[in-house]
Amino acid sequence: MVDKLSHGIGGLTYDKTKRAWPNEANVFIALILIILAFEALGQILPYMNGQSMLFDFNTSRDGTIMNIARIKIIILQVAIIGIIALGVTQVIISGGIDLSSGPLVGATAMIVMSFAQTELVNGQLNPKAVFGAWSFDLPVIVPIMVGLVFGAFIGGINGFLIAFTRIPPFIATLGMFLICRGISQWWTKGQPVSFPTDAFAAIGSGMMPVVWFAMLAILLGLIMKFTVYGKHTYAIGSNEDAARMSGINVRRHKILVYMIASMFAAFAAIVLSSKNLTAQAGMGQFYELYAIAMAVIGGVSLKGGRGSMIGTVLGAMVFGVIQSGFTFIKLDAFYQLMAMGAIIIGAVVLDQYRQQRATAG
Amino acid sequence: MSNDYILETRNLTKHYGGVHALEGANFKLRKGEHIAIMGDNGAGKSTFVRQITGVEQRTRGDVIFDGKPVNFVGPLDAREAGIETVFQTLALADDLDVPDNLFLGRELTKWNFLGPFRLLDYKAMHQATMAGLEKTGVKIPNVRNPIRNMSGGQRQCVAIARTATFHSKLTIMDEPTAALGVQETAQVENIIRTLKEAGEPLILVSHNMRQVFDLVDRVVVFRRGRICADLDIKNDDVTGEDVVGYITGAKTQAGFEDAA
């Protein structure tokens, strides 16, 4: 009886040509193509005088043929939103969405900075002090913990609402979007909070945002690939009913997913306010959308179940290169937004086309 | 209480509001026995399965599994007790590969002190998967392929291999071949025969008369939420026409007059 089966089920054999080409490879190729396109534009456009975006053959500057300064800026400008995108990626993989991360950055920055203020600024009492004397020059761990706990709290509410009231994640996090924006304006009645301690200012100084982004990307990438947490996140996004029937505690897991996403956003707020040495109520505007865009460009499926941290990191790079490239070819800011929107739509259309083809095959 | 029975239900009843989907079902399954549940659409077959497997909570009645009364609060509870179910809608995660699906919700892990972040033991799961597939005679060319890329038959075999991998005390299959082609159906039926040889009891919900007469020892017919016949098709002289008669209501077996 078993002999009959030895040729595969129903005579089906494994077709190597149908093997899934990793999504991340496509994103990487897109990244290379986009860089080449900007390099070509630099050569073609008459007003560019043959400039190169990423290469610098005037080796006397820094000893390499790369334009290190621009590459640094590209990575630095996506690093903080990239941290948010990592957290959002696992939310999208679980089949949800998180719109609250941008305003959460603003609210967390305001709160965190209030616990990170230094007492004396140029010999004067801190003019932007939020609390009394007790809040000055606290150890740097205090503002960090306050920020992460606040993030976990907001994410926990998101997750609780989504898991227990069954309202769509879009609505739950849209409500939290407004609530967080309200919190950030209410906290100091709109006043910016400034003058952090040196230790706090060190968190986001220089290239530190990139270091945090890289470390968190590796950490979360490993978690998604090698732990039960990651496997269950993919399973829930892939088929929530199957996950439930298989005995996964879907509700508890969703709360955890949204908590972690919000903690990543809160950490991004810590790095951002440290980098800027100030916190303002309007911080983080559009960050939630950029973070989702990075994930989507990186091949994370909005239907859930598919995507990876490597993809999102590459998606963030694509995002950064396009932004920097537009500035490089001296495109006006209005056109930049329009073009960025078109690119995000194009990425999703391409991804859906690719998925349809894969399923049909 | 006799230990001959792996599963027994007494007066098992389920009402959805005013709808009496299942009414007073008394059902017995011997160890090693394969039983088919037949009946028209809406006769209560799937409802019956959902009460046993803890997917839903019964309105009243008793379920006695392996000699003990049980109250499963969820499918995981039932699974831990030893009831493996292949659901009508496949409970598989399309984006995961074969070992992931086999071990979904009960992954083999290392470093368990890490709580939800404990590590997956991919190697052990892969080995157990290959052993499970071998046991059921299922051959899948590349188990690392996401099952999205597999045919309906292969996916069904994965779902069934999942039950076979875990030495269940009772396997329940809800129309496992409803959506399959001829060859794929033969595959699934082969797996069922393997289970029979291994002495693992089975409840098979099926509409396929030929399949039922080929595979099982006994047929229980449901009609309008009630059991209306219990037929020993291996020993008694029962024909397909008789069974159809019970299903449609043309006949009712002695002892089940309530269902008429």
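**Note on the predicted two-chain model**

1. A:Val88 touches A:Asp98, A:Ser101, A:Ala261, A:Ala291, A:Ile292 and A:Ala295, leaving out residues up to four places away in sequence. The model is a predicted one. A:Val88 belongs to helix H2 (residues 68-93) of chain A. It is a buried residue, since 31 other C-beta atoms lie within 10 Å, and burial requires 20 or more. Of its partners, A:Ala295 is 207 residues away in sequence, yet the two C-alpha atoms are 7.5 Å apart in space.

2. A:Val105 is placed in helix H3 of chain A. A:Val105 is buried as well, with 33 other C-beta atoms within 10 Å. Apart from neighbours within four places in sequence, A:Val105 is in contact with A:Ala265, A:Ala268, A:Ala269, A:Leu272, A:Met283, A:Gly284 and A:Tyr287. A:Ile84 is 21 residues from A:Val105 in sequence, and their C-alpha atoms are 9.0 Å apart.

3. Which residues touch the most other members of the largest nonpolar core? They are A:Ile83 and A:Ala268, in a core of 166 residues. Helix H10 (residues 250-276) of chain A supplies the largest share of this core, 17 residues. Neighbours within four places aside, the contacts of A:Ile83 are A:Trp212, A:Phe213, A:Leu216, A:Phe264, A:Phe267, A:Ala268 and A:Val271. A:Ala268 is thus on the contact list of A:Ile83 and also on that of A:Val105.

4. Helix H4 (residues 141-165) of chain A has 25 residues. From its first C-alpha to its last it reaches 35 Å, close to the 36 Å expected at 1.5 Å a residue. The buried residues of H4(A) include A:Pro143, A:Gly147, A:Phe150, A:Gly151, A:Ile154 and A:Gly155. Further along, A:Ile157, A:Asn158, A:Gly159, A:Leu161, A:Ile162 and A:Ala163 are buried too. Among the elements that cover these residues are helix H3 (101-114), helix H5 (169-187), H6 and H10 of chain A. Just after H4(A) comes A:Arg166, with a positive phi of about 65 degrees.

5. Helix H12 (residues 309-328) of chain A has 20 residues, which should span 28 Å at 1.5 Å a residue; the end C-alpha atoms are 28 Å apart, in agreement. Is H12(A) largely enclosed or largely open? It is largely enclosed by the rest of the structure, because 16 of the 20 residues are buried. A:Lys330 follows H12(A) and has a positive phi, near 60 degrees.

6. Two further positive phi values deserve a check by eye. A:Phe195 has a phi of about 60 degrees although it is not a glycine. A:Phe195 sits in the loop between strand E3 (193-194) and helix H6 (198-203) of chain A, and it is buried, with 21 other C-beta atoms within 10 Å. B:Trp111, also not a glycine, has a positive phi of about 55 degrees. Its place is the loop between strand E7 (109-110) and E8 of chain B. B:Trp111 counts as partly exposed, with 13 C-beta neighbours inside 10 Å.

7. In chain B, helix H4 (residues 122-136) packs against H5(B) at an angle of about 100 degrees, and the axes are 9 Å apart. H4(B) is therefore roughly perpendicular to H5(B). On the H4(B) side the contact is made by B:Ala128, B:Gly132, B:Leu133, B:Lys135 and B:Thr136. H5(B) contributes B:Ile160, B:Ala161, B:Ala164 and B:Thr165. By class, the residues of this contact are five nonpolar, three polar and one charged.

8. How many residues does each chain give to the contact between chain A and chain B? Chain B gives 38 residues and chain A gives 34 residues. On the chain B side, the elements that give two or more residues are helix H2 (75-81), strand E8 (119-120), helix H5 (152-165) and helix H6 (182-197). H6(B) gives the most, with four residues. The side of chain B that touches chain A has 16 nonpolar, 12 polar and 10 charged residues. H5(B) thus appears both on this side of chain B and in the packing with H4(B).

Terms used
Residues are numbered from 1 along each chain as its sequence is written. Chains are lettered from A and ligands numbered from 1 in the order in which they are written. This is a predicted model: local features need pLDDT of at least 70, side-chain atom pairs count only at pLDDT 80 or more; totals for chains, interfaces and linings use all residues. Two residues are in contact if their C-beta atoms, placed from the backbone, lie within 7 Å. Ala, Val, Leu, Ile, Met, Phe, Trp, Tyr, Cys and Pro count as nonpolar, Asp, Glu, Lys and Arg as charged, and the others, Gly among them, as polar. A nonpolar core is a set of buried Ala, Val, Leu, Ile, Met, Phe, Trp, Tyr and Cys residues joined through C-beta atoms within 7 Å. A residue is buried if 20 or more other C-beta atoms lie within 10 Å of its own, exposed if 12 or fewer, and partly exposed in between; C-beta atoms are placed from the backbone. Axes are lines fitted to C-alpha atoms, for helices over the stretch in contact, and angles run from 0 to 180 degrees between N-to-C directions. Angles under 35 degrees count as roughly parallel, over 145 as roughly antiparallel, 65 to 115 as roughly perpendicular and the rest as oblique. The expected span of a helix is 1.5 Å times one less than its number of residues.
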